[in-house]
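Open the model in a viewer and keep the selection panel at hand. The stops below say what to select next and what is there.

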Amino acid sequence: MDPESAWEYELGIIQDFKYLTVRAAGWYYDIDDFINDNGITSPGPGFGSNCLYNIDHVRLYGGELEATIKLGDRFRATAAYVYQRHSVDDTGYEHGWTYYLPDLLARNKVKLLARYMVWEDGWFQLSSRYVDARRAQKGGGLDPYITVDVGFDQKFKFDQIEYMASIFCNNVTGADYEEIAGYEMPKYVCGFQVGVKF
Amino acid sequence: MKSKGKWKQFWKVFLVTGLAFIMVTISIPGLAKEKEPEPIDIGTITVMAPQPGVEITTEKTIINVDEFERPGEVNTLTDVLTEIGGIDVQRANPLMASPGDEVSIRGLNEGRMVIEIDGRRINQTGHYGRYIVDWSTLNLDDIESIEIIRGGHSVLHPFAIGGVINMITKKGKKTDDPKPDVSLKGGYGRYNTYNVSGSVDGGVGDVVGYHFSASRGDTDGYLRNDFQRVDNLNGHLSFFLPRDATFTVGAKYSDVLYGFPVINDPNDPDPGVAARYDDDYPKFKKSADQLRHINWPQLPTTGSLRPEWKKHTSYLDAIFQMPLGPGIVKIHGFWTEGRRWTSSYGKGASMEDPEKKFTKDDFVDDRTKGIICEYRDIDLFDSHSVTAGAEYQELGWPDENPIIYKVKSAYVQDVIHLGDRWTLTPGVRYYYVDMDTYYSQFGDGWPTEGKEGNDDGFYPSLKVDFQATPETALYAAVSRSYRLPCP
């Protein structure tokens, strides 16, 4: 097997408007002699070291767009969108169980993180993710999903001691989703956190 | 290996000369003069600050861990990465970072990224399961900040085709105030998930700084048998020496007990498995994906046949730094040791005779050790900031094959400021890698080479930054990156 190397190209910009800052980047990677490992799905002993092979070229390309908005001292939100694709040269080693790790990732993804100050040092937070459809390692595919996590945290100082308390609920909308095929994710995961610094 | 002898000689000369130079410099008063605090004026830089504790420049994203906020706990590295744009975290268990998690930047995972503690690589070889980075061991108790570099455009970090995630540790303070900063934290959530942690951070007499922290996380898990308990201990001591030199020693220790999810499927073809279906838990089928080799869906047994693993991981570091002439000298020795005991079923296991294919406490270890010698931030001609260094690394499986990879590399980077607007960053890294790795043994038509070999080459990089206006920063980068040929 030959070692793997890559030529990588990237262009980007950060533009600061008054209330809005934007980052955009585009990239193109051309990986030579990509080492593909199909040990998990192969019908062999399954220890992974028996079906590594080089792919002449694997090309990955895409773009990232990130924007953050700040309105006064009370509200701040960030949204990040990623589009990514890849192409794989044929090797002649392809089988029904062949897979490529980049296949297991979505082409389109969005993350949102927002904070709103309800009262002094009391922040409501929201985090949301959209992940597009993608392939599963052992065949088939996974559906797109949107998850939403919410929380509230409060900090206060008393007698030179800083206290923190927060509550949260992850997957508050009860979405059915899997990040790895077959591993169903839980709904309504609620909890709390307390802390002290002195 | 055409030029093995030549490079062996080069390395010996380089290391001996470098060490001799540093020793002489420290011992002669006045020669090791304090670096003048005259930073190069690079004008305005446009920075994006999307959230508290997060800053994004054209080079990297920097996260201050103490300031970072999200809905939920911030205990492990993956808790932070989940919220960062452009990073994919695929979790087997969202309640706690687990060994089976996968993290990717731009489609490339930890096999093609470099994960670092204080600038040194912690990736293991990936033998016996492709556990190249075990995310369950990377708690944030002693982490001050996280740097994320997308792509392989920095020659300062080895094997970074996909990018770099570098955790900077807390090392204590230079202070004569004997009162330490103390932090205590705890939380509880669904599925009997809890965490407690505490830390002290301070200094003694302007001579010694310290940071100590400890934590425990525990969960019953969501899937059947997907329990986990993680104990962490961290300690860092910094000695503040004459001539602004510092010597820091650090240790991170993680003890993980992790249950492999077991099949919970009333329609499983094995009637013994189907009969054990428990509707208190979600279905988990034999066909579930595996991003690691060892954690295939296991038979639903308990007691002495409970599928699980125990893992002890230690990250040890010793760092010496000292201003010297126009730059800073840094020597960093490091050691990562992972020891795991896996109890699991092999392929073909059946409930008819479960013990037949069950292996108890199968022991595997991995070790990475090395040293980095670097002369960095060398200010030259008011417009250049040069960093040069050399690194030696050994990665292996102490019990079976102690040195699977032996890596020697050297690098140089120059950050050139052309006026207030233009910055050029050329760099190059040279690698020489000795490998004693996998056979490919698939049979006719498949590659059969790859056991022993070596490889060397130069890998250049160039980044151009243009600060068009105070509000607009543009950049372009091109680089050739190299990957340690692990699975």
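**Hairpins in chain B**

Begin by selecting β18(B) and β19(B), which form a hairpin with 3 residues between them. The model is predicted. β18(B) covers residues 384-397 and β19(B) residues 401-418; the two strands run antiparallel and are joined by 13 bridges. For one residue pair across this hairpin, show B:His384, which stands opposite B:Ile416 in β19(B).

Now add strand β20 of chain B, residues 422-436, which pairs with β19(B) in the antiparallel sense over 12 bridges. Here B:Lys408 has B:Tyr432 in β20(B) as its bridge partner. β19(B) and β20(B) also make a hairpin, again with 3 residues between the strands. Select B:Gly419 in this hairpin: its phi is positive, near 70 degrees.

**Chain B as a whole**

Zoom out to the whole of chain B, where there are 3 helices and 22 strands. Colour by burial, and 49% of the 487 residues of chain B count as buried. Among the contacts in chain B with a separation of 6 or more, 61% are between residues 24 or more positions apart.

**The nonpolar cores**

Which residues have the most contacts inside the largest nonpolar core? Select B:Leu77, B:Leu81, B:Met113 and B:Ile146; the core they belong to has 88 residues. Chain A takes part too: its strand β2, residues 20-37, gives the most to this core, with 6 residues. In soluble globular proteins, nonpolar side chains tend to be buried together.

Centre the view on B:Ile146. Leaving out residues up to four places away in sequence, B:Ile146 touches B:Ile63, B:Val65, B:Val80, B:Ile165 and B:Met167. Another core, of 7 residues, lies apart from the largest one. To find this other core, select B:Leu156, B:Ile372, B:Cys373 and B:Ala390, which are among its members.

**Where the chains meet**

Show both chains and select the residues in contact between them: 78 from chain B and 80 from chain A. On the side of chain B that touches chain A, at least two residues each come from β3 (87-90), β10 (181-189) and β22 (472-483). The largest share of that side, 12 residues, is supplied by β22(B). Coloured by class, the side of chain B that touches chain A has 32 nonpolar, 27 polar and 19 charged residues.

Stay with β22(B) and add strand β1 of chain A, residues 4-16. These two strands pair in the antiparallel sense over 12 bridges. In this pairing A:Leu11 stands opposite B:Ala476 in β22(B).

**Chain A**

Hide chain B. The domain assignment divides chain A into domain 1 (1-105) and domain 2 (117-198). The C-alpha centres of these two domains lie 25 Å apart. How many residues does each domain bring to the contact? Domain 1 of chain A brings 8 and domain 2 of chain A brings 5. The side of domain 1 of chain A that touches domain 2 of chain A has 4 nonpolar, 1 polar and 3 charged residues.

**Last stop: confidence**

Colour chain A by pLDDT. The mean is 90, and 95% of the residues of chain A reach 70 or more. Then select residues 46-50 of chain A, where the pLDDT is below 50. This stretch has 21 contacts in the model beyond near neighbours in sequence. Where pLDDT is low, the predicted coordinates should not be read in detail.

Methods: Residues are numbered from 1 along each chain as its sequence is written. Chains are lettered from A and ligands numbered from 1 in the order in which they are written. Domain bounds come from an automatic or database domain assignment. Two residues are in contact if their C-beta atoms, placed from the backbone, lie within 7 Å. Ala, Val, Leu, Ile, Met, Phe, Trp, Tyr, Cys and Pro count as nonpolar, Asp, Glu, Lys and Arg as charged, and the others, Gly among them, as polar. A nonpolar core is a set of buried Ala, Val, Leu, Ile, Met, Phe, Trp, Tyr and Cys residues joined through C-beta atoms within 7 Å. A residue is buried if 20 or more other C-beta atoms lie within 10 Å of its own, exposed if 12 or fewer, and partly exposed in between; C-beta atoms are placed from the backbone. Helices (H or I, at least four residues) and strands (E, at least two) are DSSP runs, numbered from the N terminus. Two strands pair if DSSP finds at least two bridges between them. pLDDT is the predictor's confidence in each residue, from 0 to 100.
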